[in-house]
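Reader: Before we begin, I would like to go through this model piece by piece, with the reasoning behind each answer laid out.

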Amino acid sequence: MIQVVIQRNQRGEITAFQVNGHAGYGEPGEDIVCAAVSAISIGMVNAVEAVLGIRLPAEVKEDGFLRCWLPVIADEAAHGKVQLLLEAMVAALQSVETEYGQYVQIRTTHET
């Protein structure tokens, strides 16, 4: 199962996210659930850099692990755009979870 953890601060903003595991829906290399989650999450990291010119620190491993955290973004407009892209990522991942819930689980944590 793929575990997705979305970390939010006290204002509800996304500060980090982590994706870990494999869906097990299909054979490796043919698993549409793994492909969807990977495309959504890695695509978002790439989109932030390509569209906004902001590099998001990320750690990627071949075993299905991705961790990304947000740097401090002083420009409020840019910060808001990054949050919008992150929320779009969460919405897309939730769509996958709705259809393939036995293979993908999303959990949200809040900073204290």
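**Contacts, charges and a pocket**

Author: Leaving aside residues up to four places away in sequence, Q83 touches E13, I14 and L70. This is a predicted model, and the values discussed here are computed from it.

Reader: In which helix does Q83 lie, and is Q83 buried or exposed?

Author: Q83 is part of helix α2. Its relative accessible area is 8%, and a residue counts as buried when that value is under 20%. Q83 in helix α2 is therefore classed as buried.

Reader: How many salt bridges does the structure hold, and which residue pairs with R8?

Author: Side chains of opposite charge can pair when their charged atoms come close. The structure holds four salt bridges, and in one of them the closest N and O atoms are 2.7 Å apart, the partner of R8 being E87.

Reader: Where along the chain do the two members of that pair, R8 and E87, sit?

Author: R8 belongs to strand β1, which covers residues 2-8, whereas E87 belongs to helix α2, which covers residues 76-99. The pair thus links distant parts of the chain, and the separation between R8 and E87 is 79 residues.

Reader: Which of the descriptions buried and partly exposed applies to R8, and which to E87?

Author: The limit for a buried residue is under 20% relative accessible area, with partly exposed residues lying between that and 50%. R8 has a relative accessible area of 14%, while the value for E87 is 32%. R8 is therefore buried, and E87 is partly exposed.

Reader: Which residues are linked with E59 in a network of salt bridges?

Author: E59 forms a salt bridge with K61, where the closest N and O atoms are 3.6 Å apart. R67 also forms a salt bridge with E59, and there the closest N and O atoms are 2.3 Å apart. The residues linked with E59 in this network are accordingly K61 and R67.

Reader: How do the relative accessibilities of E59, K61 and R67 classify these residues?

Author: The relative accessible area is 23% for E59 and 34% for R67, and K61 is at 44% relative accessibility. Values between 20% and 50% fall in the intermediate class, so E59, K61 and R67 each count as partly exposed.

Reader: How many disulfides does a search of the whole structure find, and why is C34 not bonded to C68?

Author: A disulfide requires two cysteine sulfur atoms within 2.5 Å. The cysteine sulfur closest to that of C34 is in C68, at 19 Å, which is too far for a bond. Both residues count as buried, C34 at 15% relative accessibility and C68 at 0%. The number of disulfides found in the whole structure is zero.

Reader: Where is D63 placed, and which residues does D63 touch beyond those up to four places away in sequence?

Author: D63 is in the loop between β3 (58-61) and β4 (65-69), and its relative accessibility of 46% makes it partly exposed. The C-alpha atoms of D63 and H22 are separated by 8.0 Å, although the two residues are 41 apart along the chain. Not counting residues up to four places away in sequence, D63 touches G21 and H22.

Reader: What is the volume of the largest pocket, and which of its lining residues are closest to its centre?

Author: Rolling a probe the size of a water molecule over the atoms shows where empty space is left. The largest pocket has a volume of about 160 Å³. It is lined by 14 residues, and the closest to its centre are V19, S38, I42, G64 and F65.

Reader: Which element supplies the largest share of the lining of the largest pocket?

Author: By class, the lining has eight nonpolar, five polar and one charged residues. At least two lining residues come from each of α1 (32-52), β3 and β4. The largest share, five residues, is supplied by α1.

Reader: How far apart are the C-alpha atoms of A91 and V104?

Author: A91 is located in helix α2, and its relative accessible area of 37% makes it partly exposed. A91 and V104 are 13 residues apart along the chain, and their C-alpha atoms are separated by 13 Å.

Terms used
Residues numbered from 1 in each chain as written. Predicted model: local features only at pLDDT ≥ 70, side-chain atom pairs only at ≥ 80, totals over all residues. Heavy atoms only, no water. Buried < 20%, exposed > 50% of the residue type's maximum accessible area, 1.4 Å probe, protein only. Helix = DSSP H or I, 4+ residues; strand = E, 2+ residues; numbered from the N terminus. Contact = heavy atoms within 4.5 Å. Salt bridge = Lys/Arg side-chain N within 4 Å of Asp/Glu carboxyl O. 1 Å grid on protein atoms, 1.4 Å probe; cavity = no way out; pocket = protein on both sides within 12 Å on 5 of 7 lines; lining within 4 Å. Points joined across faces, edges and corners; volume = space filled by probe spheres on them. Nonpolar A, V, L, I, M, F, W, Y, C, P; charged D, E, K, R; others polar.
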